[in-house]
Amino acid sequence: MGTQRRIMIPDTDLGALFPLGLGSMKAESTWDKAQTYRIFDTYFDRGGNLYDTARVYSIFSKSEEWIGDWLKETGKRNQVVIISKGGHPDLTAKPFPDMHRFRLSKEEMTADLETSLRTLQTDHIDIYLYHRDDPARSVEELVDTMESFVQAGKIRYYGCSNWSLPRIEQAMDYAKSMGYRGFVMNQGLLNAASDDAGPLQDDTLIKIDPQMRAYHKAHPEILATAYSGIALGFFAQYLRGGADAVRDKSYLTDANIARAKQMEQRAKEKGITLLQETLSYFKTLEHDCIPLFTPRDEAGICEAMDSPLGTGVSG
């Protein structure tokens, strides 16, 4: 294993972050509690320190609850960085969720944050993100809400998930004018297939597209983190089962079919797995970006952390 590369967010005291974050959305839905603990332990023992969750994950899973239990039982709270998110549209709404019913008022965000703090069994969250944006609300209001949480000691830093580039720029301009640190993180959809994917089913999701990547290159003070970093397993599923296996995925395009075959060949030439080659995409970017990986099991997190991305070995 090569020297592990670490990532620093400028003008913060978060410390050096492992270049692969651990997603926890599968807690309960795929992992039971014992396996969740084993995955958390394996990731930590191999050098990982960035755990990603969200209030909305705990509607259908035990993500925040089990992270909180694990932190309490192991005493590792001060050795890890916790990301959580609030303000997601209500997924329990009947007859069906309205993804455009945004919940970003100060009252709604406060309720989400307080619930997350209790569930995580901590007095603060290291990085707290707006899980969606509400274009009808001014960036001034939204930044001020987060600043009130910082002043109260309930969060250390804040950022956004699924915000457009113009809104991020406006928020950062306002924060600068007020003397605030502003966003430290932007979480969006990014993987080796995302640029050539078709339209997303959920139009409130935002891609980290080439224009946004150019912004991150120019503004390293905002760390990019990527969900769906392995494209929901598109490459492996296509190579195993052909187009019929991925008919329902927006990634099924001619460009991505060709890319799947190229990635399979490159993985063979490098002597690494297809998963590891997929994650190696993030080493090609011109700015720091941490993918958030949710493994199937302990072996999966080891495989990901042994990739060129995690080890620092040249791909």
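## Burial and overall size

A residue counts as buried when its relative accessible area is under 20%. By that cut-off, 54% of the 315 residues of the protein are buried. The model is a predicted one.

The radius of gyration is 19 Å. A compact globule with 315 residues would have a value near 20 Å, so the two agree. Along the principal axes, the C-alpha atoms fill a box of roughly 50 × 45 × 40 Å. The protein exposes about 13600 Å². Carbon and sulfur atoms supply 50% of that area.

## The barrel

The protein has 12 helices and 8 strands. A closed barrel of 8 strands runs in the order β1-β2-β3-β4-β5-β6-β7-β8, and the pairing is parallel. On average, neighbouring strands of this sheet are turned by 30 degrees against each other, with direction ignored.

One strand pair shows the detail. Strand β3 covers residues 81–86, and strand β4 covers residues 125–130. The two run parallel and are joined by 4 bridges. Gly86 stands opposite Tyr130 in β4.

Sequence separation is another way to view the fold. Take the contacts between residues at least 6 apart in sequence: 73% of them join residues at least 24 apart.

## Helices α3 and α4

Two packed helices are described by the angle between their axes and the distance between the axes. For helix α3 (residues 63–74) and helix α4 (residues 106–120), the angle is about 45 degrees. Their axes are 7 Å apart. Angles from 35 to 65 degrees fall outside the roughly parallel and roughly perpendicular ranges. α3 and α4 are therefore oblique to each other.

The residues that meet can be named. From α3 come Glu64, Glu65, Ile67 and Gly68. From α4 come Ser116, Thr119 and Leu120.

## Backbone exceptions

Most residues other than glycine have a negative phi, and most peptide bonds are trans. Three sites in the loops depart from this pattern, as set out here.

The peptide bond between Lys94 and Pro95 is cis, with omega about 5 degrees. Pro95 is found in the loop between β3 and α4. That loop thus links a barrel strand to one of the two helices described above.

Asn162 has a positive phi, near 65 degrees. Asn162 lies in the loop between β5 (155–161) and α6 (165–178). With a relative accessibility of 4%, Asn162 counts as buried.

Ser228 also has a positive phi, near 55 degrees. Ser228 sits in the loop between β7 (223–227) and α8 (234–241). Its relative accessible area is 21%, so Ser228 is partly exposed. The limit for burial is under 20%.

## A buried histidine

His287 is found in the loop between α10 (274–280) and β8 (289–293). At 10% relative accessibility, His287 counts as buried.

Which residues does His287 contact, leaving aside its neighbours within four places in sequence? The contacts are Arg213, His216, Lys217 and Ala224. Ala224 falls within β7, which spans 223–227.

Terms used. Residues are numbered from 1 along each chain as its sequence is written. This is a predicted model: local features need pLDDT of at least 70, side-chain atom pairs count only at pLDDT 80 or more; totals for chains, interfaces and linings use all residues. Side-chain values use heavy atoms; hydrogens and water are left out. Two strands pair if DSSP finds at least two bridges between them. Axes are lines fitted to C-alpha atoms, for helices over the stretch in contact, and angles run from 0 to 180 degrees between N-to-C directions. The radius of gyration is taken over C-alpha atoms; the globule rule is 2.2 Å times the number of residues to the power 0.38. Buried means under 20% relative accessible area, exposed over 50%, partly exposed in between (1.4 Å probe, protein chains only). Contact means heavy atoms within 4.5 Å. Accessible areas come from the Shrake-Rupley method with a 1.4 Å probe; for residues, only the protein chains shown count as cover. Angles under 35 degrees count as roughly parallel, over 145 as roughly antiparallel, 65 to 115 as roughly perpendicular and the rest as oblique.
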